[in-house]
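Me: Please walk me through the sheet in this model. Keep it brisk.

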Amino acid sequence: MNASTDLDTLADFFDRYGVALTSGDLPAIAGYYALPGLVVADTYSFSFTTAAAVALSFVGAAPDYQDRELVAAHARIEDVQPLSALLTMVAVEWEFLDSRGQAVPGERYRYLLRTSDDGPLICTVVRTA
């Protein structure tokens, strides 16, 4: 097994993750995370050790996407850095589409992914500028 650096594999992973995010599928979102996991931002950090904790951390995101009428998310992969045999750092800019078909700017994140038997899993998420 090697770190997920293939762009097709990564694009597919983030496409499926984006569908889970915009549809508010909390169990599916949780399935994209390795446990334990970590989220880091400028003013806070939190970790989670269970799938239920991952799902709970996204409870507020689903209504936000619905309020903004976001119906699709696309991860534009900006950079891929293999770190070890199983770890990869991926820089992503999220682009959203609203219900009127208009592009909505998203945010940038760096994802530390671990390759598992089932494919990549998110270990750490860092919101970036």
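Me: What is the bridge partner of Val40 in strand 6?
Reply: This is a predicted model; local features need pLDDT of at least 70, side-chain atom pairs count only at pLDDT 80 or more, and totals for chains, interfaces and linings use all residues. Residues are numbered from 1 along each chain as its sequence is written, and side-chain values use heavy atoms, without hydrogens and water. Strands are DSSP runs (E, at least two residues), numbered from the N terminus. Strand 1 and strand 6 run parallel, joined by four bridges. In strand 6, Val40 is bridged to Val126.

Me: Which residue stands opposite Val126 in strand 6?
Reply: Strand 5 (residues 103-116) and strand 6 (residues 119-128) run antiparallel, with nine bridges. Pairing takes at least two DSSP bridges between two strands. The residue opposite Val126 is Arg110.

Me: Which residue in strand 2 stands opposite Val39?
Reply: Strand 1 and strand 2 form a hairpin, with four residues between them. Their pairing is antiparallel, over four bridges. Opposite Val39 stands Phe46.

Me: Which strands stand at the edges, and why is one side of each left without a neighbour?
Reply: The sheet is open, has six strands and mixed pairing, and follows the order 2-1-6-5-4-3. Each edge strand has a single partner strand, so one side lacks a neighbour in the sheet. The edges are strand 2 (45-48) and strand 3 (70-82).

Me: What angle does the direction of helix 1 make with that of strand 3?
Reply: Helix 1 (residues 7-23; helices are DSSP runs of H or I, at least four residues) packs on the sheet. Its contacts (heavy atoms within 4.5 Å) include strand 4 (87-98). Axes are lines fitted to C-alpha atoms, for helices over the stretch in contact, and angles run from 0 to 180 degrees between N-to-C directions. The angle is about 145°.
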